[in-house]
Amino acid sequence: MSFWQDLKKPIIGLAPMDGITNVAFRHVQAKIAKPDIIFTEFVHTDGLFFNPARVLRPFVYTPIERPIIAQLYGKNPDHFYIGAHLVSFLGFSGLDLNLGCPAKTVIRSGGGAALIENPSLVAKIIKATQAGLSDFAKNPKIDHLGLKAKNLDAVYDFQKKYRLKPSSQALPLSIKTRIGTDKVVTKEWIPFLLSHDPSTITIHGRLLKDGHSGPVAWDEIKLAAELRDRGSHQTLILGNGGVKNRSEGEKMSKKHRIDGVLIGQAALGNPWVFSDHSPTRGDKLETMRLHAKVFEKHMPESNFESLRKHFIWYTKGLKDARALRQKIITFTSSGDLDYRLS
Ligand SMILES: Cc1cc2nc3c(=O)[nH]c(=O)nc-3n(C[C@H](O)[C@H](O)[C@H](O)COP(=O)(O)O)c2cc1C
């Protein structure tokens with residue numbers, strides 16, 4: 001039994017988004033309207049092995065984000081075995097395997113959604129990850145994994161700096177994937193994944209070639225749940241793609257008989273999608289100020305300018321959005337929002 005089974009259904013969670021769902025975004029989201037589950041941005045397993053100091057930043061998290069799931073991508077099973085240990089060592093609630101990313105660099109390297117066409121490698125990756133999670137539970141250490149001393153130190157330093165406690169039990173494995181690369185393969189792909197008994201499979205109802213927009217094949221997501229039922233698997237099935245808010249997610253879950261949904265792009269500048277509250281102009285400005293402060297506190301080494309896109313998303317739908325945007329592009333600290341945003 002894992003935390004997944006204890007969650008109230010339907011589960012309405014925040015989808016992972018690289019370059020967006022960092023600790024500041026997730027912390028604000030959890031404060032304003034808490035999703036039932038939250039995912040980190042993805043981290044490359046090769047990076048965890050060769051240079052954790054450089055790639056660990058997306059794994060900074062705060063307690064209010066729990067349950068928080070670390071997402072990994074890559075294609076080397078040995079590095080997934082190590083990644084599973086590190087994710088457990090950093091105390092996450094679960095580990096998610098990315099089998100759906102369409103980014104060109106990821107696809108070219110044979111990871112993300114490209115793996116949909118390589119089931120024999122996926123089987124090795126899943127087995128290595130599951131072994132890493134259960135081996136860590138039996139022997140909660142990371143000093144026997146072959147990491148260079150400086151890389152091991154980087155992981156210890158990270159754990160200490162953010163006061164993270166190792167997990168005391170084997171973390172559940174979830175998988176996020178698509179319905180195919182250039183043609184729909186749900187009927188073969190989902191039973192294959194189910195045969196490895198992951199706790200949860202999230203299905204983004206688009207093909208790799210569709211990227212992150214366009215129609216979503218909810219009938220394929222529904223089929224995945226039917227395949228799960230036919231095979232009597234315990235795996236939860238979540239749908240994903242184009243869901244606008246919590247109440248729509250609840251409706252889609254009921255209609256397609258799935259266990260929940262993940263919401264991605266609808267949450268940009270709009271954390272209220274998880275509460276169905278209609279934000280006022282005042283709510284939006286106040287939340288922008290909060291976002292700026294949380295960013296400075298938890299991501300002090302990051303460039304403040306990277307926040308501007310978030311502020312611009314918050315202004316969407318406001319009558320004076322244009323005027324606000326002109327100010328936003330000059331902001332360089334939370335003080336600017338305190339004194340110049342009204
Ligand atoms: C900018 C961006 C970055 C993304 N990064 C990831 C990622 O790191 N891992 C992942 O599994 N999916 C990633 N996705 C896909 C989303 O999790 C989600 O599947 C997709 O946006 C569809 O959901 P939506 O229509 O609700 O946005 C990303 C999507 C976007 C737009």
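A residue counts here as near the ligand if one of its heavy atoms lies within 4 Å of that molecule. The model is a predicted one, and of the 18 residues around its ligand, the ones that come nearest are Pro16, Asp18, Asn240, Gly242 and Gln265.

**The ligand and its surroundings**

Sorted by class, the shell around the ligand is made up of 6 nonpolar, 9 polar and 3 charged residues. Three contacts between polar atoms of the protein and the ligand are set out below.

| Residue | Protein atom | Ligand atom | Distance |
|---|---|---|---|
| Pro16 | backbone N or O | oxygen | 2.7 Å |
| Asp18 | backbone N or O | nitrogen | 2.7 Å |
| Asn98 | polar side-chain atom | oxygen | 3.2 Å |

On its own the ligand has 600 Å² of accessible area, and the protein covers 89% of this. The space that the ligand takes up is the largest pocket.

**A salt bridge between distant parts of the chain**

Side chains that carry opposite charge can pair when their charged atoms come close. Across the whole structure, a search finds 11 salt bridges, and one of the pairs with such a contact is Glu301 with Arg57, whose side chains meet at 3.4 Å, N to O. This pair links parts of the chain that are distant, with the two positions 244 residues apart in numbering: Glu301 belongs to the loop between α12 (281–298) and α13 (308–314), whereas Arg57 belongs to the loop between α4 (52–55) and β3 (68–73).

**Backbone features in the loops**

Most peptide bonds are trans, and most residues other than glycine have a negative phi. Against that background, which residue does a cis peptide bond join to Lys9? The partner is Pro10, with omega at about -5 degrees, and Pro10 is found in the loop between α1 (3–6) and β1 (11–14). A cis peptide bond also joins Arg66 and Pro67, where omega is about -5 degrees, and Pro67 is placed in the loop between α4 and β3, the loop that also holds Arg57 of the salt bridge described above. Arg163, although it is not a glycine, has a positive phi of about 50 degrees, and this residue lies in the loop between α8 (149–161) and β5 (173–178).

Conventions. Residues numbered from 1 in each chain as written. Predicted model: local features only at pLDDT ≥ 70, side-chain atom pairs only at ≥ 80, totals over all residues. Heavy atoms only, no water. Polar contact = N/O pair within 3.5 Å; in protein donor to acceptor, adjacent residues only side chain to side chain. Areas by Shrake-Rupley, 256 points an atom, 1.4 Å probe, with all protein chains shown as cover. 1 Å grid on protein atoms, 1.4 Å probe; cavity = no way out; pocket = protein on both sides within 12 Å on 5 of 7 lines; lining within 4 Å. Sits in = over half its atoms within 2 Å of the grid points. Nonpolar A, V, L, I, M, F, W, Y, C, P; charged D, E, K, R; others polar. Salt bridge = Lys/Arg side-chain N within 4 Å of Asp/Glu carboxyl O. Helix = DSSP H or I, 4+ residues; strand = E, 2+ residues; numbered from the N terminus.
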